[in-house]
Amino acid sequence: MCKMQRTPKLNCEALLCKMASSDGYQEPAPAELPLVLLHRSLTFPVQFLDLLRSRYRILDPNEESDSDPNFLALSRSIRILVCWGLFPLNSQTFDRYPSVECVVATSAGLDHIDLAECRRRGIRVSNGADIFSDDVADYAVGLLLDVLRRVSYGDRFVRGGSWTGKQEFPLGSKVGGKRVGIVGLGNIGLRIGKRLEGFGCIIGYNSRKPKPEIQYPYFSNILELAQWSDILILSCSSTTETFHIVDKNAMTALGREGIIINIGRGSLIDEKELCGFLVRGEIGGAGLDVFENEPYVPRELFDLNNVVLSPHKAAITTEAIEAIPEIVMKNIDAFFSNKPLLSEVDLDDK
């Protein structure tokens with residue numbers, strides 16, 4: 001019998017007991033609870049909110065009027081802000097909360113946060129760290145397998161009755177032996193490389209600087225990497241330097257048989273050029289979890305059987321969602337205890 005799919009559940013009591021046993025935490029009286037600002041969308045999980053309130057005094061703009069004098073006074077003195085998901089944080093936000101010293105983000109990617117402004121104001125930032133890395137790496141490999149072996153296309157082929165209609169299903173391409181260029185060899189990029197080594201792929205990479213401890217060949221620019229590669233996988237951050245890093249020239253260098261997999265951010269690719277290359281058959285295919293104007297996806301891609309589309313969910317698994325509360329709470333505790341954050345981001349490297 002198959003197991004029913006479970007939905008993520010946050011066991012507040014179990015997590016608090018676990019943290020108490022590991023860090024000697026003693027629950028303070030309600031009046032002594034540390035004050036934390038919650039920056040979130042309306043879809044914030046209620047169980048997580050209850051969990052935070054069990055340990056901190058939460059200031060939530062979604063539940064209190066920001067014109068209320070009490071809220072206004074408290075918000076201007078707030079020192080730490082929890083940012084749930086990809087809710088934007090910019091200079092206007094920090095002007096509204098001028099005493100913020102630390103942002104605790106729940107995501108791995110941080111392009112929704114103005115990191116330059118954080119650096120300028122001396123605001124520390126932590127993220128979801130490695131919670132999502134394995135899941136994103138798995139998804140990147142899954143997209144690659146799907147494009148090369150035409151898995152999604154095969155599903156549509158069968159469901160649409162084409163198999164019984166005696167139509168020929170086009171052959172896919174072998175994974176082993178492919179040269180895979182990874183753009184951004186951080187935690188996720190390294191995991192992608194290790195997984196694809198198991199398939200017999202040859203790995204190369206482009207990054208801000210070479211990593212002496214890594215044996216993969218390093219390419220100092222994207223054009224050289226694209227020319228060498230059969231497949232490009234994008235796993236770098238979205239910055240001004242990486243905006244449209246895969247442009248017309250990179251796609252031309254990749255060639256007619258080349259494949260692009262993007263689990264980074266939509267802005268890494270010139271989407272208009274990509275659509276043109278795919279429609280004209282000037283590259284071999286693409287697996288895309290992210291897009292430039294989400295949730296809107298170019299309609300030209302919908303009818304292409306060599307393209308796999310995904311709704312920006314590479315990082316999201318039941319296990320990842322269940323792991324978020326602990327790292328968030330530990331980062332908050334570290335801040336109030338004047339200890340190093342569990343997953344602090346090096347803003348000088350951004």
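Which strands does helix α12 lie across, and at about what angle does helix α12 run to β3? In this predicted model, helix α12, made of residues 318–336, lies across β1, β3, β4 and β5, and its direction makes an angle of about 170° with that of β3. The legends below take up this region and several others in turn.

**View 1. Five parallel strands form an open sheet.** The order of the strands across this sheet is β2-β1-β3-β4-β5, and their pairing is parallel. The edges are formed by β2, residues 57–59, and by β5, residues 124–126, each of which pairs on one side only. From one strand to the next the twist averages 25°. Strand β1, which covers residues 35–39, is joined to β2 by 3 bridges, and the two run parallel; within this pairing, L35 of β1 has R57 of β2 as its bridge partner. Among the strands that helix α12 lies across are β3, at residues 80–83, and β4, at residues 102–105.

**View 2. Strand β6 pairs with both β7 and β8.** Strand β6 spans residues 179–183, and because 4 of these 5 residues are buried, the strand is largely enclosed by the rest of the structure. With strand β7, at residues 202–206, β6 shares 5 bridges in a parallel arrangement, and the path of the chain from β6 to β7 leads through α8 in a β-α-β crossover that is right-handed. The pairing of β6 with strand β8, at residues 231–234, is also parallel and extends over 4 bridges. V180 can be followed into both pairings, since its bridge partner in β7 is I203, while in β8 the residue opposite V180 is I231.

**View 3. N187 of helix α8 is in contact with residues distant in sequence.** Helix α8 consists of residues 187–197 and includes N187, a residue that is partly exposed, with a relative accessible area of 44%. When neighbours within four places in sequence are left aside, the contacts of N187 are D130 and S133. The side chains of N187 and D130 are joined by a polar contact of 2.9 Å. As for S133, 54 residues separate it from N187 in sequence, yet the distance in space between the two, C-alpha to C-alpha, is 6.4 Å.

**View 4. The largest nonpolar core contains 51 residues.** In soluble globular proteins, nonpolar side chains tend to be buried together. Within the core shown here, the residues that touch the most other members are L52, I192, L196, I233, V328 and I332. For I192, with residues up to four places away in sequence not counted, the residues touched are A137, A140, I182, I233, S235 and I263. A second core, separate from this one, has 28 residues, including V183, L225, L234 and L274.

**View 5. E117 is a buried residue of helix α5.** Helix α5 comprises residues 115–121, and E117 is found within it. Is E117 buried or exposed? Its relative accessible area is 11%, which is under the cut-off of 20%, and E117 therefore counts as buried. The side chain of E117 makes a polar contact of 2.6 Å with the side chain of R121. Not counting residues up to four places away in sequence, E117 touches S91 and F94.

Terms used:
Residues numbered from 1 in each chain as written. Predicted model: local features only at pLDDT ≥ 70, side-chain atom pairs only at ≥ 80, totals over all residues. Heavy atoms only, no water. Pairing = 2+ DSSP bridges. Axes fitted to C-alpha atoms, helices over the stretch in contact; angles between N-to-C directions. Contact = heavy atoms within 4.5 Å. Core = buried A, V, L, I, M, F, W, Y, C linked by side-chain atoms within 4.5 Å. Buried < 20%, exposed > 50% of the residue type's maximum accessible area, 1.4 Å probe, protein only. Polar contact = N/O pair within 3.5 Å; in protein donor to acceptor, adjacent residues only side chain to side chain. Right-handed = clockwise from strand over helix to strand, strands pointing away.
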